[in-house]
Amino acid sequence: MGSQEEERLLLEEGVREDTSDSLYTGDGSVDIKGSPVLKSNTGNWRACPFILGTECCERLAYYGIATNLVSYLTKKLHEGNVPAARNVTTWSGTCYLTPLIGAILADSYFGRYWTIAAFSSLYFIGMCTLTLSATIPLLMPPECVDTGIDAACPSATPAQYAVFFFGLYLIALGTGGIKPCVSSFGADQFDDTDSSERIKKGSFFNWFYFSINIGALISSSLIVWIQDNAGWGLGFGIPALFMGIAIISFFSGTPIYRFQRPGGSPIIRICQVVVASCRKLNLVVPEDSALLYETQDKNSAIEGSRKLVHTDEFKFLDKAAIVAEAEIKTGDFSNPWRLCTITQVEELKILIRMFPIWATGIVFSAVYAQMSTMFVEQGMVMDTSIGSFKIPAASLSTFDVISVIIWVPVYDKFLVPIARRITGKERGFSELQRMGIGLFLSVLCMSAAAIIEVCRLSLAKDLALVDKPVAVPMSIFWQIPQYALLGAAEVFTFIGQLEFFYDQSPDAMRSLCSAFSLLTTSLGNYLSSFILTVVTSLTTRGGATGWIPDNLNEGHLDYFFWLLAALSMLNLLIYVFCARFYKSKNSS
């Protein structure tokens, strides 16, 4: 098994290895037929336009539905504010939960390419179903009828709800195969053993996030306006068309893509470590980690993974790598349910260390969920007019996207060089520092939203509009600061998470860790729904109006925003504590 020092030297040799002069990639990538690929005519930036185009069009399709969905539920399906917000956040949460399915299938069986291809087809079918549900009169409830006193709005029938939600949740399933795979598939186009291509891989993530926000910008402005002014059939049909374009763009790059073979189920490897540790419960972990089991080869036994250096944390799990006397006698080291390599054990340790950092992203995602729910409902009771032109409340999310598009180059070109001189770090800020700044900005965002709502309610009281479900003559553009702050927080937190979960995850678990990163968004949406439900239940006891009634002029949406600001501050304090004790991954 060799000494610990020899093992470290072997790992360091892997770090220094550079295949810049090689004709073929050195990271094990292959072409669509499974043959080794030449660097000169595959991957690199030549393959990225197809992937970035796919992501841009897919995000345009997704946000074309998500951005204004609460308006469709309230205006066309005639739901109340709370049920509509709950349905939106539940669906959004599901969209970020299904990536677990796609990630496991990609890492274990099909690879990222075929997973994206299959789930994109489901996505497109869902988009078409949703378009039909908003186009065919039989699939929509009748319009509201003004009775002179109040508008009578017939509810959608169970069959109409069934068609609508079938299409909606088919989209949620489809996006589950794309989200955890497409960014990693793009990174697969750069050879990790080639120093020049490694540098380009960092730039890819910036352009990847830029592409997301270009799609979001078009959706939050043009598509939202079309939905509110030209009809929902056309407003859903255009995103469906762009999803079709995304599929075409993705398949067009097939001849020049680089593919990584799936490395086996990460879930099974995790279970093997736990089972092997429990089976050797009575054994004592040796002081010298060189006595623990690891393959003699330069490469890890796990396909697509480099070896990981042993760490002293969570020693109970090291029992899985103890070579028992029975195994020495038989010479059989092939049963991973009884004996695991150090690298396999360290994979699980990495996931455990990442868990507290991961968990703090949930509250941030709950704040982010307000952009498509409570921010929109707040905007709907403000003055949305510019002369004779009416601005859809949901289109204010454009300022979030603009904020992102501005902050990305500002961060990359100005903040990073300044921070690099101060901290001496190559990236200026570490991923943990970057995410912490974003969490702090989320506190400011919710505070700004609360202050605006305090002013809006004060104006409604002064003008005697409290009992009237009408818009208050306060410009909707007062919402710009909260959207801009959320966009800045997004640049720091979400891109920081993208970097953190890619760099810190085990090599053969990158799709799964990307899915776990997205899971924080899912749980954040569910948390938002849960908070809405609890707040509504507690504040409407005894027949009280509550914080979030259908007529927001007689409610206290500001209290809800202050509550989220307080939770965000508590979350930031917990995050700082966890980040101080985080130990980074150490691999070859």
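Let me start with Phe-314, which is partly exposed in this predicted model, its relative accessible area being 35%. Phe-314 sits in the loop that runs between helix H9, residues 266-279, and helix H10, residues 315-318. What draws attention to Phe-314 is its backbone, since its phi is near 50°, a positive value in a residue other than glycine. As background, most residues other than glycine have a negative phi.

Ala-464 belongs in the same part of this talk, because Ala-464 is not a glycine either and yet has a positive phi of about 60°. You will find Ala-464 in the loop between helix H16, residues 431-462, and strand S6, residues 472-475. Is Ala-464 buried or exposed? With a relative accessibility of 53%, and the cut-off for exposed being over 50%, Ala-464 counts as exposed.

Let me turn now to a pair of helices. The axes of helix H5, residues 99-133, and helix H18, residues 510-539, come within 8 Å and cross at roughly 170°. Angles over 145 degrees count as roughly antiparallel, and H5 and H18 are therefore roughly antiparallel to each other. On the H5 side, the contact is made by Pro-99, Leu-100, Ala-103, Ile-104, Ala-106, Asp-107 and Arg-112, while H18 brings Arg-510, Ser-511, Leu-512, Ala-515, Phe-516, Leu-518 and Leu-519. If we sort the residues of this contact by class, we have 10 nonpolar, one polar and three charged.

While we are on H18, let me point to Ser-517, which is also found in that helix. Ser-517 counts as buried, because its relative accessibility is 11%, and the cut-off for buried is under 20%. Not counting residues up to four places away in sequence, Ser-517 touches Trp-358, Gln-497 and Phe-501.

Next come two residues that have a partner far along the chain. Cys-95 is found in helix H4, residues 81-95, and with a relative accessibility of 0% it counts as buried. Which residues does Cys-95 contact, leaving aside its neighbours within four places in sequence? They are Tyr-62, Ala-172, Thr-175 and Lys-179. Cys-95 and Leu-173 are 78 residues apart along the chain, and their C-alpha atoms are separated by 6.8 Å.

The other residue is Pro-356, which has its place in helix H12, residues 342-359. Pro-356 counts as partly exposed, at 32% relative accessibility. In sequence, Pro-356 and Cys-578 are 222 residues apart, whereas in space they are 6.4 Å apart, C-alpha to C-alpha.

I will finish with the second largest pocket, which holds about 820 Å³ of space. Its lining consists of 29 residues, and those lying nearest the centre of the pocket are Thr-74, Lys-75, Asn-81, Met-380 and Asp-550. Which elements each supply at least two residues of that lining? Helix H3, residues 69-75, helix H7, residues 195-229, and strand S3, residues 382-383, each do so. The largest share comes from H3, with three residues. In terms of class, the lining of this pocket has 13 nonpolar, eight polar and eight charged residues.

Note on methods
Residues numbered from 1 in each chain as written. Predicted model: local features only at pLDDT ≥ 70, side-chain atom pairs only at ≥ 80, totals over all residues. Heavy atoms only, no water. 1 Å grid on protein atoms, 1.4 Å probe; cavity = no way out; pocket = protein on both sides within 12 Å on 5 of 7 lines; lining within 4 Å. Points joined across faces, edges and corners; volume = space filled by probe spheres on them. Helix = DSSP H or I, 4+ residues; strand = E, 2+ residues; numbered from the N terminus. Nonpolar A, V, L, I, M, F, W, Y, C, P; charged D, E, K, R; others polar. Buried < 20%, exposed > 50% of the residue type's maximum accessible area, 1.4 Å probe, protein only. Axes fitted to C-alpha atoms, helices over the stretch in contact; angles between N-to-C directions. Parallel < 35°, antiparallel > 145°, perpendicular 65-115°, else oblique. Contact = heavy atoms within 4.5 Å.
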